[in-house]
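Visitor: I am new to this structure. Please take one part of it and go through that part slowly, then place it among its surroundings.

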Amino acid sequence: MGQMTAEQFAQRAFDLGLVTERELREAWAAFGRRDVPLEELVQYLVGRESLTNYQVDKILKGDKSGFFYGDYKVLYLVGAGTFARVFRAVHRETGHVVALKVLRRRYSDNPEQYEAFVREGRVGLTLRHPNIVPIYEVVSQGHTHYLVMEFVEGQNLRDFVKIRGRLSPEEATRLMCDIASGLQYAFEHGLTHRDLKMTNVLVSTEGRAKLVDFGLAAVDENIDDDLLTEFANPRTIDYAGLERATGVRKDDTRSDIYFAGCIYYHMLTGRPPLWETKDRIQRLSKQRFLDVPPIQKVLPELPSCVALVVNRAMSLDVNRRYQTPAAMLVDLKIAAKRLQEEAEKGSGTSGGAKEAIPLPKHTIMVVESNSRLQDLFRDQFKKAGFRVLLTSDPERAFERFQDDPTTAECLIVNAQQIGRPALEVFNWFAQDAKVQSIPAILLLDASQQSWKTEAITGPHRLVLQMPLTVRQLREAISQLLSQESASKSKPSAT
């Protein structure tokens, strides 16, 4: 961590407004001295959630800006595109977590670029729908331009499919219903998306699809079509290619429907229907759209009710394509119902709607502050059939169980970055009559093994050392849950 001392680091963090005097006093008191190794101070402050690893890296690099935008403190970088970067941030007063979409510096001094960005944000301000990520504020001051948006716990659809592989027709259809619903709401408000693609669909941890980056129709309304090959904004090129091939104007909702069909195709097959290229001339070529392999050839076993929706949405004859997202949504709901009926028939159930899409057997709550590990836990446990709830705040996890002890059937608390608060909350569960029967696992790294003696353990309460494979952790959870199930099924003594 360089030549910086712990005291110098603490002073910089304080001067930048990232930690308070009280937090530093508590840190020095915990160590009993100030001449501690920098690594230990950093681990303590990150574990207490006074700082994040992203903030630590910026401090060590000597950065003095980019920590705050207005009333919001940046926690992590969560995504970076050509034009903007997206951060997870928290309001300094309320603690409300948001996403900040910040225009890159190289565009911030260009009035055409930043005014287009601001217009795009203002379009989003008007949209409020469960399947559209809301924009709360649009800020444009001096050289700084950013949007304050809902932070969606989850990942974009492209990454979701990359991890999961191709989705079942049931799951793909459910997500497409969400997408079409969001598009229809925008259409009813006179808006098209203009940049519908896998990375502009977010899938929340609850499994809901949400659209981001509305507003390009308004942004691009003054762009000359003849200049598209020269235009610096690559987000409109695919739409321009389609619209040139089909002869429709650029604010036609049927173009959004075509690219919604592309998303459906990609989810079902695990691969994009349009061959991918960075060459703008090729992206404008009609041949690219003519070369799409029919989905029935790629997936001969695909139910016809699903193939019908894909083919109609992606028809190059715009008059045969769905004319509105609502029309597409009707057929998607019919397909979802037929898939459900077929699943029920195949499983021999009658009227068992819940059997259509297999539901996770158990719900687990994971307390983890590292966003990458959150993604790992979520993806791996979902694959294993668990429903996964995530939080970075151990106290919040305890409060949720206090409000509803059935929140989850097992608790996992990873102390690696959270530190002692993880141990404390693990013990709170053991001492509270309302939640003490809930199976729980505390994860400690090698440097925290001395805490094991402080942890309240038992038959359904384990302490495990990291690193640990997902399989080992999964087996430990299954063992605890099977013990819990067996104890509940035992007849009580009379």
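Guide: Helices here are DSSP runs of H or I with at least four residues, strands are runs of E with at least two, and they are numbered from the N terminus. The model is a predicted one. The part I will take is the second largest pocket, followed by the elements around it.

The second largest pocket holds about 1400 Å³ of space. Its lining is made up of 50 residues, and R88, G95, V97, S392 and R396 are the ones closest to the centre. Several elements contribute at least two lining residues each: the helices α3, α17 (371-383), α18 (394-403) and α19 (415-418), and the strands β2 (72-80), β3 (84-91) and β11 (386-391). Sorted by class, the lining consists of 18 nonpolar, 17 polar and 15 charged residues.

One of those contributors, β11, leads to a sheet. This is an open sheet of five strands in parallel pairing, and its order is β11-β10-β12-β13-β14. β11 and β14 (461-465) are the edge strands, each paired on one side only. From one strand to the next, the twist averages 20°.

Inside the sheet, β12 (residues 410-414) and β13 (residues 440-444) run parallel and are joined by four bridges. Across this pairing, V413 has L442 of β13 opposite it. Helix α20 (residues 420-431) packs on the sheet, where it touches β12, β13 and β14, and its direction makes about 160° with that of β14. Another helix, α18, lies across β10 (362-367), β11 and β12 and runs at about 150° to β10. α18 also supplies at least two residues to the lining of the pocket.

The loop between β13 and β14 contains Q448. Q448 counts as buried because its relative accessibility is 4%, and the cut-off for buried is under 20%. Leaving aside residues up to four places away in sequence, Q448 touches A415, Q416, G419 and L443.

α17, which also helps line the pocket, leads on to an enclosed space. The whole structure has two cavities of 30 Å³ or more. The second largest cavity has a volume of about 30 Å³, and its lining is formed by Q155, F160, R164, R378, D379 and K382. Two elements give two or more residues to that lining, α7 (157-164) and α17; the largest share, three residues, is from α17. By class, one of the lining residues is nonpolar, one is polar and four are charged.

The largest cavity, with a volume of about 90 Å³, has 13 lining residues, of which V133, I135, V212, D213 and F214 are closest to its centre. α6 (111-125) and β6 (144-150) each give at least two residues to this lining. Nine of the residues lining the largest cavity are nonpolar, one is polar and three are charged.

α3, the remaining helix to follow from the pocket lining, is where one last loop begins. E49 sits in the loop between α3 (38-47) and α4 (53-61). Most residues other than glycine have a negative phi. The phi of E49, however, is positive, near 65°. E49 counts as partly exposed because its relative accessible area is 40%, which falls between the cut-offs of 20% and 50%.

Notes: Residues are numbered from 1 along each chain as its sequence is written. This is a predicted model: local features need pLDDT of at least 70, side-chain atom pairs count only at pLDDT 80 or more; totals for chains, interfaces and linings use all residues. Side-chain values use heavy atoms; hydrogens and water are left out. Buried means under 20% relative accessible area, exposed over 50%, partly exposed in between (1.4 Å probe, protein chains only). On a 1 Å grid over the protein atoms alone, a cavity is a set of points where a 1.4 Å probe fits but cannot get out, and a pocket is an open set with protein on both sides within 12 Å along at least five of seven lines; lining residues have an atom within 4 Å of a point. Grid points are joined across faces, edges and corners, and a volume is the space filled by probe spheres set on the points. Ala, Val, Leu, Ile, Met, Phe, Trp, Tyr, Cys and Pro count as nonpolar, Asp, Glu, Lys and Arg as charged, and the others, Gly among them, as polar. Two strands pair if DSSP finds at least two bridges between them. Axes are lines fitted to C-alpha atoms, for helices over the stretch in contact, and angles run from 0 to 180 degrees between N-to-C directions. Contact means heavy atoms within 4.5 Å.
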